Amino acid sequence: MKIDFHKVEKLFEPYKQIKKQTSEKKEEGVAKVIQYVWNHTPTKKVDFDSFNLNGGLRAFYEFYFLPHYDDEMTQADLVAIKDNLWEINAAWDDLIYSLTKCNNKVYENEDDFI
């Protein structure tokens, strides 16, 4: 039996769904890549469906354009890292850490259920 796949494809044409990727979804993929790298996530635990190649490349380029700290920071470097996604991630991590370690107090859950 021969199947004409062009005819089958035309039959499915009205039911085809096109997923438009919003800019928010694109940013989410970049954030996922940065989080995986930042947290040294083992490869087995990385959800590769949570980002695409463009997100990975964007995270790489964001990292690539960070200024080297061996050099003296110029005003242009300070402006550049203000909008860098790796620096934003570091700032969020610092903020979360400082909120959990306020005044040397560690807030833990009373219920220590394992």
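Contact here means that heavy atoms lie within 4.5 Å. Keep that in mind for Leu85, a good place to start in this predicted model. Setting aside neighbours within four places in sequence, Leu85 is in contact with Glu27, Val30, Ile34, Arg58 and Glu62.

Leu85 also belongs to the largest nonpolar core, together with Val30, Val33, Ile34, Ala59, Leu66, Ile81 and Trp86, which makes 8 residues. Two elements, α2 (23-38) and α5 (85-100), each give two or more residues to this core. The largest share, 3 residues, comes from α2.

Now for the rings. There are 6 aromatic pairs in the structure. One of them joins Phe63 and Trp86 edge-to-face, with 5.2 Å from centre to centre and 65° between the planes. This pair ties together distant parts of the chain, since Phe63 sits in helix α3 and Trp86 in helix α5, 23 residues apart. Elsewhere, Tyr36, Phe48 and Phe51 make up one aromatic cluster.

Is Trp86 buried or exposed? Trp86 counts as buried because its relative accessible area is 8%, and the cut-off for buried is under 20%. Tyr61, a residue of helix α3 (residues 53-64), is partly exposed. Here are the two side by side:

| Residue | Relative accessible area | Status |
|---|---|---|
| Trp86 | 8% | buried |
| Tyr61 | 45% | partly exposed |

Tyr61 has company on the surface, too. With Leu53, Leu57, Phe60, Tyr64 and Phe65, Tyr61 forms a nonpolar patch there, and together these residues have about 710 Å² of accessible area.

Notes:
Residues numbered from 1 in each chain as written. Predicted model: local features only at pLDDT ≥ 70, side-chain atom pairs only at ≥ 80, totals over all residues. Heavy atoms only, no water. Patch = residues over 30% accessible without salt bridge, like charges linked within 9 Å, V, L, I, M, F, W, Y side chains within 5 Å. Areas by Shrake-Rupley, 256 points an atom, 1.4 Å probe, with all protein chains shown as cover. Salt bridge = Lys/Arg side-chain N within 4 Å of Asp/Glu carboxyl O. Helix = DSSP H or I, 4+ residues; strand = E, 2+ residues; numbered from the N terminus. Buried < 20%, exposed > 50% of the residue type's maximum accessible area, 1.4 Å probe, protein only. Core = buried A, V, L, I, M, F, W, Y, C linked by side-chain atoms within 4.5 Å. Phe/Tyr/Trp six-rings, centres within 6.5 Å; stacked < 30°, edge-to-face > 60°.
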